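User: I am beginning to study protein models and would like a close look at a single part of this one. Please examine the surroundings of the ligand, and then connect that part to the rest of the chain.

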Amino acid sequence: MKRFSKACERNKEPIGDVLADILPDDGLVLEVGSGTGQHAVAFARRFPHIRWQPTDRPGRLDSIRAWRADADLDNLNEPLEFDLFDDAPPVDRADAVVAINVIHIAPADAIAPLFTHADAVLDEGAPVILYGPYRYRDRELEPSNEQFDRHLQARNPESGLRVFEDVDDIAADHGFEHVATKRLPANNDIHWWRR
Ligand SMILES: C[S@@+](CC[C@H](N)C(=O)[O-])C[C@H]1O[C@@H](n2cnc3c(N)ncnc32)[C@H](O)[C@@H]1O
């Protein structure tokens with residue numbers, strides 16, 4: 001039941017260091033595509049003032065539940081089923097939306113719904129935070145990310161690295177302004193936006 005991702009173990013600290021500067025002092029963080037549940041546990045533990053709401057697509061919650069049960073953290077909610085193509089968000093409101101390594105796995109047309117849902121649940125000024133590898137229009141893709149992109153598309157033609165500028169255009173269409181980027185190890189970036 002309890003799945004394990006080595007990447008999560010490697011990236012939870014650097015991602016957490018950036019989240020420490022972005023997340024509000026308290027409130028609810030809505031995590032999209034929580035995967036194994038390791039990040040949810042790590043960040044609920046690291047940010048005890050925050051309530052963490054993990055989610056993932058239907059049928060994918062067992063590992064999150066198992067990690068949550070072992071961690072026994074008061075501020076980590078039961079995971080909720082949520083697909084970005086759902087009509088409604090899984091919660092009525094949140095103080096931040098976080099998606100780690102999701103937008104290059106989900107189809108490209110899941111990005112607009114992500115910002116639609118974020119728009120529905122976030123107050124003005126609350127961040128949307130997206131971590132993962134990106135393409136950029138003004139630079140060559142790193143060889144490791146080029147290889148990763150080929151691997152993703154061979155596995156599922158709908159997956160693949162997204163072009164940052166396209167993501168930013170979609171964010172802007174939904175009223176979100178890009179705040180900053182932080183480069184993290186292994187050619188991954190965190191971008192965040194606020195309305
Ligand atoms: C590479 S995994 C990342 C999991 C976790 N966030 C991590 O960093 O280890 C991609 C995640 O995106 C989720 N996902 C893919 N398509 C989705 C969609 N349409 N709506 C919501 N989540 C989706 C998958 O179920 C999976 O949990």
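Analyst:
**The ligand shell and the chain around it**

By class, the residues surrounding the ligand comprise nine nonpolar, seven polar and four charged. The model is a predicted one. In this model the shell around the ligand is made up of 20 residues, and the closest are Gly-33, Gly-35, Leu-84, Asn-101 and Ala-106.

We may now turn to the helices. Helix 1 covers residues 6–22 and helix 2 covers residues 38–46; their axes come within 10 Å and cross at roughly 40°. That angle makes helix 1 oblique to helix 2, because angles from 35 to 65 degrees fall outside the parallel and perpendicular classes. The crossing of helix 1 past helix 2 is right-handed. On the side of helix 1, the residues that take part are Cys-8, Glu-9, Lys-12, Gly-16 and Leu-19, and on the side of helix 2 they are Gln-38, His-39, Ala-42, Phe-43 and Arg-46. Sorted by class, the residues of this contact are four nonpolar, three polar and three charged.

After helix 1 the chain enters a loop that leads to strand 1 (27–32), and Leu-23 lies in this loop. Is Leu-23 buried or exposed? Leu-23 has 22 C-beta neighbours inside 10 Å, so it counts as buried; the cut-off for a buried residue is 20 or more. Not counting residues up to four places away in sequence, Leu-23 touches Val-29, Phe-47, Ile-50 and Ala-96. Leu-23 and Arg-137, by comparison, are 114 residues apart in sequence, and their C-alpha atoms are 29 Å apart in space.

A second pair of helices can be described in the manner of the first. Helix 4 (residues 111–121) packs with helix 6 (residues 164–173) at an angle of about 35°, and the two axes are 9 Å apart. Helix 4 passes helix 6 in a right-handed crossing. Here Ile-111, Ala-112 and Phe-115 of helix 4 meet Val-167, Ile-170 and Ala-171 of helix 6. This contact has six nonpolar residues, with no polar and no charged ones.

Two residues deserve attention for their backbone angles. Asp-72 lies in the loop between helix 3 (62–71) and strand 3 (80–81). Although Asp-72 is not a glycine, its phi is positive, at about 50°. Asp-72 counts as exposed because it has 8 C-beta neighbours inside 10 Å, where the cut-off for an exposed residue is 12 or fewer. The other residue, Asn-187, is found in the loop between strand 8 (177–184) and strand 9 (188–194). The phi of Asn-187 is also positive, near 55°, in a residue other than glycine. With 14 other C-beta atoms within 10 Å, Asn-187 is partly exposed.

Strand 8 itself contains Lys-182. Lys-182 has 16 other C-beta atoms within 10 Å and is therefore partly exposed. Leaving aside neighbours within four places in sequence, Lys-182 is in contact with Val-18, Asp-189 and Ile-190. The C-alpha atoms of Lys-182 and His-151 are separated by 25 Å, although these residues are 31 residues apart along the chain.

Terms used
Residues numbered from 1 in each chain as written. Predicted model: local features only at pLDDT ≥ 70, side-chain atom pairs only at ≥ 80, totals over all residues. Axes fitted to C-alpha atoms, helices over the stretch in contact; angles between N-to-C directions. Helix = DSSP H or I, 4+ residues; strand = E, 2+ residues; numbered from the N terminus. Parallel < 35°, antiparallel > 145°, perpendicular 65-115°, else oblique. Left-handed = near helix turned anticlockwise from the far one by under 90°. Contact = placed C-beta atoms within 7 Å. Nonpolar A, V, L, I, M, F, W, Y, C, P; charged D, E, K, R; others polar. Near = placed C-beta within 6 Å.
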